[in-house]
Amino acid sequence: MNDPTTIRRLYGRRQGHALRAGQAALVEELLPRIAVPTDGALDARRLFGDERPLQVEIGFGAGEHLAGQAMAAPGTGFIGCEPFLNGVVGALGHIRDGALDNVRLHMGDALEVIERLPDESLERVYLLHPDPWPKARHAKRRMMNHGPLDLIAAKLKPGAEFRLGTDDPTYCRWSMMVMNQRRDFVWQAQTARDFLERPQDWPETRYERKARRQGHEVWYFRYTRI
Ligand SMILES: C[S@@+](CC[C@H](N)C(=O)[O-])C[C@H]1O[C@@H](n2cnc3c(N)ncnc32)[C@H](O)[C@@H]1O
């Protein structure tokens, strides 16, 4: 297995604008109630008190996709990971407004959480508009590298799904090349529509909306873990 620590240094912003009082209250009151424990092995029972199916979103941004999926599947446990505080606040707002009790959040590196889950325990992993790191010398920082993908593959159940969305042409080509080298995932697409049109059960994210407004193409990849 390749070293999943290749991208272990967290790059990118941890905080943007200062929080308003209501947002700070969400971080102080709601976040501790639904935060993923900071150490030890994780499973559905520890996180949700039962044996429900689990899904993980890596880098949920402001949380609209995470909340949309959680609302659509109340019997599934969702683990959202995002190091950016202002994004976490956005997700907390959705969780409060939707009275969602099936979401747990980790403010930090998603791989730290994924590696503490049992092998073959996840039914889906989402990676939507990951930071593109467009310069070739930064390619190792991309989440779509064999180290992180080995870890994700190990934690997905056979037949489970890995979803990647991107509007970045370089990242799109790079991801297709990387996934093409793997024998543990099959691309589900049969026709171009399958990756050019957003599937109905794929809520739009903030980055995706912004990309479309800027006239970018968006690609939706769905892979099955063999
Ligand atoms: C371009 S944004 C996309 C956000 C969101 N998925 C969307 O589509 O609107 C990429 C996000 O990934 C987060 N991120 C970067 N590295 C991460 C990591 N190791 N674990 C979890 N999130 C990460 C960043 O903080 C950022 O919010």
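**Burial, cores and loop geometry in a predicted model**

Valine 89 is buried, with a relative accessibility of 5%. The structure described here is a predicted model. Valine 89 belongs to helix H4, which covers residues 85-97. Beyond the neighbours within four places in sequence, the contacts of valine 89 are with Leu19, Gln23, Leu26 and Val27. Leucine 31 lies 58 residues from valine 89 in sequence, and the C-alpha atoms of the two are 8.8 Å apart in space.

For the protein as a whole, the secondary structure consists of nine helices and seven strands. The radius of gyration is 17 Å, close to the 17 Å that the globule rule gives for 226 residues, so the protein is as compact as a globular protein of that length. The C-alpha trace spans about 45 × 40 × 35 Å along its principal axes. Of the 226 residues, 51% are buried. Among contacts with a separation of 6 or more, 78% are made between residues 24 or more positions apart. The accessible surface of the protein amounts to about 11,100 Å², and carbon and sulfur atoms contribute 50% of this area. The protein carries 33 positive and 30 negative charges, whose mean positions are 5 Å apart.

The largest nonpolar core contains 37 residues, and Ile58 and Phe162 have the most contacts inside it. When neighbours within four places in sequence are set aside, phenylalanine 162 is in contact with Val125, Leu127, Met144, Leu149, Ile152, Leu156, Met179, Phe185, Phe221, Arg222 and Tyr223. Another core, of 25 residues, lies apart from the largest one; Leu30, Leu66, Phe78 and Val103 are among its members.

Two of the contacts of phenylalanine 162, Leu149 and Ile152, are also among the buried residues of helix H6. This helix comprises residues 146-155, and eight of its ten residues are buried, so helix H6 is largely enclosed by the rest of the structure. The buried residues of H6 are Gly147, Pro148, Leu149, Asp150, Leu151, Ile152, Ala153 and Lys155. The list thus includes Asp150 and Lys155 beside residues such as Leu151 and Ala153.

The loop between strand E4 (122-128) and H6 holds histidine 129. Tryptophan 133 is placed in the loop between E4 and H6, as is aspartate 131. Most residues other than glycine have a negative phi. Histidine 129, which is not a glycine, has a positive phi of about 50°. Tryptophan 133 likewise has a positive phi, near 40°. Histidine 129 is buried, with a relative accessible area of 11%, under the 20% cut-off for burial. Aspartate 131 is instead partly exposed, with 45% relative accessibility. The C-alpha atom of aspartate 131 is separated by 26 Å from that of alanine 24, and the two residues are 107 residues apart along the chain.

Helix H3 spans residues 64-72 and includes glycine 68. Alanine 72 also lies in helix H3. Glycine 68 is partly exposed, at 24% relative accessibility, whereas alanine 72, at 63%, is exposed. The value for alanine 72 is over the 50% that marks an exposed residue. Between the C-alpha atoms of glycine 68 and glutamine 55 the separation is 13 Å, for residues 13 apart along the chain. Alanine 72 and glycine 40 are 32 residues apart along the chain, and their C-alpha atoms are separated by 29 Å.

Terms used: Residues numbered from 1 in each chain as written. Predicted model: local features only at pLDDT ≥ 70, side-chain atom pairs only at ≥ 80, totals over all residues. Heavy atoms only, no water. Core = buried A, V, L, I, M, F, W, Y, C linked by side-chain atoms within 4.5 Å. Buried < 20%, exposed > 50% of the residue type's maximum accessible area, 1.4 Å probe, protein only. Contact = heavy atoms within 4.5 Å. Helix = DSSP H or I, 4+ residues; strand = E, 2+ residues; numbered from the N terminus. Rg over C-alpha atoms; globule rule 2.2 N^0.38 Å. Areas by Shrake-Rupley, 256 points an atom, 1.4 Å probe, with all protein chains shown as cover. Lys, Arg positive; Asp, Glu negative; His and termini not counted. Charge placed at Lys NZ, Arg CZ, Asp CG, Glu CD.
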